[in-house]
Amino acid sequence: MGSTQKIAIVGAGLGGAAAATLLQQAGFQVDIYEQAPEFSRLGAGIHMGPNIMKIFRRMGIEQQLDQMGSHPDHWFSRDGISGDYLSRIPLGDFARKEYGASYVTVHRGDLHELQMSTIKPGTVHFNKRLETLEETDSQVRLTFSDGEVTYADIVIGADGINSKIREELLGPEKPLYSGWVAHRALIRGDQLAKYDLKFEDCIKWWTEDRHMMVYYTTGKRDEYYYVTGVPHPEWDFQGAFVDSSREEMYDAFQGYHPTVQALIESTESVTKWPLRNRNPLPLWSRGRLVLLGDACHPMKPHMAQGAGMAIEDAAMLTRCLQETGLSDYRTAFELYEANRKERASRVQSVSNANTWLRTQEDPAWVYGYDLYGQVLKSGVAA
Ligand code: FAD
């Protein structure tokens with residue numbers, strides 16, 4: 001049994017990894033437990049807005065990410081059929097000046113690897129699938145599927161949409177299938193050179209019930225990525241995703257603009273993912289257990305801020321624990337929820353509605369947010 005105060009994080013996704021680094025930098029003793037045997041560079045990109053780059057500045061990885069990723073000057077929205085521009089949201093230098101950091105699109109695996117490299121050696125434990133939790137007056141006992149047992153003062157559930165820790169707090173409940181899937185494909189930049197078409201740095205093609213979001217995942221523009229949202233009445237496959245095909249893509253995007261057709265033609269392999277979510281949870285913590293990220297507020301990914309919210313949660317939870325000290329974790333958890341719920345729920349609701357930046361709007365409430373500049377609101381009154 002551990003004698004010093006310890007924080008256990010379950011799940012080393014983008015949210016859990018951020019929490020581990022930030023808490024360790026703040027001087028807490030942290031171990032992180034991940035069910036996967038290792039992480040691979042899965043075929044997917046991700047946006048990181050200025051709101052998150054400001055947190056990465058604290059973590060010491062902003063510059064590396066800036067060098068690694070692509071820096072779109074705009075987020076364009078265009079009509080999927082006619083190609084007419086629906087919005088031109090300025091990013092690039094505008095974001096640096098107005099929002100205080102850059103807007104980056106990057107390969108998700110590269111970002112994750114960079115984040116993992118900032119966690120103290122020896123504190124990430126792979127192949128550790130949490131099976132049971134048992135809370136006593138003074139500690140939590142965690143048991144993993146390989147039989148190993150560990151103890152911690154508090155446990156952070158960063159274990160994604162199917163969170164075991166959410167289940168412990170609120171009982172078993174499957175996530176809701178939204179009725180939409182996302183196709184994801186990476187395209188080699190050199191595949192696009194043969195077309196007499198413009199491939200913009202960050203663009204979302206829209207029609208009434210579907211879309212395709214496209215952007216570069218490297219600063220060299222040698223990897224282009226698309227992710228879709230397409231209605232799909234049921235999800236009756238096993239696993240997190242399945243293979244899709246070029247034919248399925250042609251069917252889904254029939255009649256779409258020639259640039260979209262060229263992307264489908266250039267697709268070598270494409271996967272299909274169910275889009276799932278949950279209604280807002282009635283509580284984010286109980287006793288020594290607390291949730292963050294998708295474990296707490298999963299959303300459809302249409303604002304490109306799901307991981308962003310997980311990372312903001314990690315930063316706010318760290319701030320609150322610093323404020324109170326680990327012994328007063330109850331007050332820290334109240335503070336955390338009081339300072340996160342409104343923003344995370346708003347993002348969750350806009351993201352689920354899939355309206356973000358479709359028409360010209362001001363994204364400052366999301367991108368301009370500086371978590372470290374916020375005066376903490378007090379927690380729930382006792
Ligand atoms: P996860 O990334 O799900 O990590 C959870 C971790 O916990 C996993 O590593 C898992 O293996 C581990 N785990 C689970 N159960 C256990 C257990 N019992 N024991 C031990 N470990 C466990 N977000 C953005 O910000 N920008 C984007 O551009 C973007 N695009 C997206 C596109 C698509 C198609 C999708 C589906 C999502 C997208 N998102 C995006 C959302 C983003 O991926 C999620 O919100 C984010 O990954 C949540 O991070 P997390 O750390 O909370 O959970």
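This tour goes from a sheet to a helix packed on it, and then to a second helix. The model is predicted.

**Stop 1: the sheet.** Start with the 6 strands of the open sheet. Their order is 7-2-1-11-19-18, and the pairing is mixed. Strands of a sheet pair through backbone hydrogen bonds, either parallel or antiparallel.

Which strands stand at the edges? Select 124-125 for strand 7 and 285-286 for strand 18. Each of these has a single partner strand, so one side of each lacks a neighbour in the sheet.

**Stop 2: strands 2 and 7.** Now select residues 30-33, which form strand 2. Strand 2 runs parallel to strand 7, and 2 bridges join them. Zoom in on Y33: opposite Y33 stands H125 of strand 7.

**Stop 3: helix 1.** Next, select residues 14-25. This is helix 1, and it packs on the sheet. Helix 1 touches strand 1 (7-10), strand 2 and strand 11 (154-157). Compare directions: helix 1 makes about 170 degrees with strand 2.

**Stop 4: helix 5.** Keep helix 1 on screen and add residues 108-116, helix 5. The two axes come within 9 Å and cross at roughly 25 degrees. Helix 1 is therefore roughly parallel to helix 5. The crossing is left-handed.

**Stop 5: the contact.** Which residues of helix 1 meet helix 5? Show L14, A17, A18 and T21. On the helix 5 side, show R108, L111, H112, Q115 and M116. Colour this contact by class: 5 residues are nonpolar, 3 are polar and 1 is charged.

Note on methods
Residues are numbered from 1 along each chain as its sequence is written. This is a predicted model: local features need pLDDT of at least 70, side-chain atom pairs count only at pLDDT 80 or more; totals for chains, interfaces and linings use all residues. Side-chain values use heavy atoms; hydrogens and water are left out. Two strands pair if DSSP finds at least two bridges between them. Helices (H or I, at least four residues) and strands (E, at least two) are DSSP runs, numbered from the N terminus. Contact means heavy atoms within 4.5 Å. Axes are lines fitted to C-alpha atoms, for helices over the stretch in contact, and angles run from 0 to 180 degrees between N-to-C directions. Angles under 35 degrees count as roughly parallel, over 145 as roughly antiparallel, 65 to 115 as roughly perpendicular and the rest as oblique. A crossing is left-handed if the near helix is turned anticlockwise from the far one by less than a right angle, and right-handed if clockwise. Ala, Val, Leu, Ile, Met, Phe, Trp, Tyr, Cys and Pro count as nonpolar, Asp, Glu, Lys and Arg as charged, and the others, Gly among them, as polar.
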